[in-house]
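Colleague: I am new to this structure. Please take a close look at one helix and what surrounds it.

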Amino acid sequence: MDDYDGDHDMTDPNAPSPDLFTGLSAFPLTPISDEEIDEAAYAGLLQRLVAAGVDSITALGSTGSYVYLSTDERARVAQLTVEHAAGIPVFVGIGALRTRDVLANVAAAEAAGAQGLLLAPVSYQPLTEDDVFELFRTVTSATDLPVVVYDNPGTTHFTFTLDLYARLADLDGVASIKIPGQAMSPPDFTAHVERIRAATGNRVSIGISGDAFGASGLNAGCDAWYTAVGGTLPAPMLAITRAAQNGEADRALELSAELQPLWDLFAELGGSLRVTAAIAEHLGLVAPHSLPLPILGLTDDQKRKAAEVADTLHLD
């Protein structure tokens with residue numbers, strides 16, 4: 001995980017630290033109550049992340065329901081995150097349908113004091129590679145904050161290629177690429193990460209997403225784990241991360257395997273968002289029905305199953 005040497009533009013005294021986009025970046029929920037952001041519950045989630053000692057906090061990722069929030073709501077979440085992060089680096093998701101709105105989100109993140117940005121190519125109409133490249137070129141030209149490329153085909157329905165990774169890595173402001181996890185053997189996973197690193201000329205950090213693949217991705221050479229459930233349950237995800245960082249690959253896999261019932265639940269119930277929200281509700285961290293409508297969350301039976309998994313695994 002130490003292949004990234006941060007030489008993207010290290011002659012620039014304002015360039016981000018190469019360590020900024022490494023380790024565990026936790027993606028908290030943005031809890032909703034009565035159609036408004038539940039600021040007290042959100043502050044509580046952030047305090048858990050600070051107490052656990054995560055390496056960074058990424059607000060307004062997919063787990064933070066960014067696409068369902070207005071520009072003003074997103075600006076407020078950015079402010080709250082920085083206020084309660086106790087000095088932990090904060091990255092803010094800025095993706096939106098219109099580039100105009102993306103840039104408004106950039107300005108809000110800057111004003112809040114964020115240290116990085118997370119950009120997904122959100123769209124209704126299918127985007128071309130040139131569309132996506134121009135989006136990132138426009139954003140990196142408009143801000144000095146480093147940008148994380150958010151490759152999340154499951155939600156954006158856009159698939160990045162190695163060629164596009166390479167083009168984006170050439171942009172001065174791009175600092176990290178968040179790649180989706182994939183089920184593959186350890187040698188194949190390592191080769192996959194090495195291909196991305198070669199294509200990007202070792203100019204960016206590489207982060208794994210998809211919580212079930214966190215240990216495998218870190219063991220394969222990823223620099224960071226961008227974790228959804230880690231925004232609610234940071235302790236077990238930190239244990240996996242630290243084991244991998246310390247070269248204890250088998251231990252990282254063992255710790256991840258202990259959470260297999262949770263990973264299975266994600267697969268069964270359509271991803272991490274609804275399950276994470278249900279667990280947060282079960283633990284009393286957020287109020288019931290904490291997701292933005294029209295997302296109803298899990299059914300009562302599914303919530304009971306999520307609660308049973310959380311209790312069995314002693315997740316708190």
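Modeller: What follows deals with helix 9, then with the nonpolar cores.

This is a predicted model, in which local features need pLDDT of at least 70 and side-chain atom pairs count only at pLDDT 80 or more, while totals for chains, interfaces and linings use all residues. Residues are numbered from 1 along each chain as its sequence is written, and side-chain values use heavy atoms, with hydrogens and water left out.

Helices are DSSP runs of H or I with at least four residues, strands are runs of E with at least two, and both are numbered from the N terminus. Helix 9 covers residues 234-245. The expected span of a helix is 1.5 Å times one less than its number of residues, so the 12 residues of helix 9 should span 16 Å, and its end C-alpha atoms are indeed 16 Å apart.

Buried means under 20% relative accessible area, with a 1.4 Å probe and protein chains only. In helix 9 the buried residues are Pro-234, Met-237, Leu-238, Ile-240, Thr-241, Ala-243 and Ala-244. An α-helix has 3.6 residues a turn, so residues three or four places apart point the same way. The buried residues of helix 9 pack (heavy atoms within 4.5 Å) against strand 1, strand 10, helix 1, helix 8, helix 10 and helix 11. After helix 9 comes Gly-247, with a positive phi near 80°.

A nonpolar core is a set of buried Ala, Val, Leu, Ile, Met, Phe, Trp, Tyr and Cys residues joined through side-chain atoms within 4.5 Å. The largest has 94 residues, and Phe-136, Phe-160 and Leu-262 have the most contacts inside it. Apart from it lies another core of 10 residues, including Leu-45 and Ile-295.

Terms used. Buried means under 20% relative accessible area, exposed over 50%, partly exposed in between (1.4 Å probe, protein chains only).
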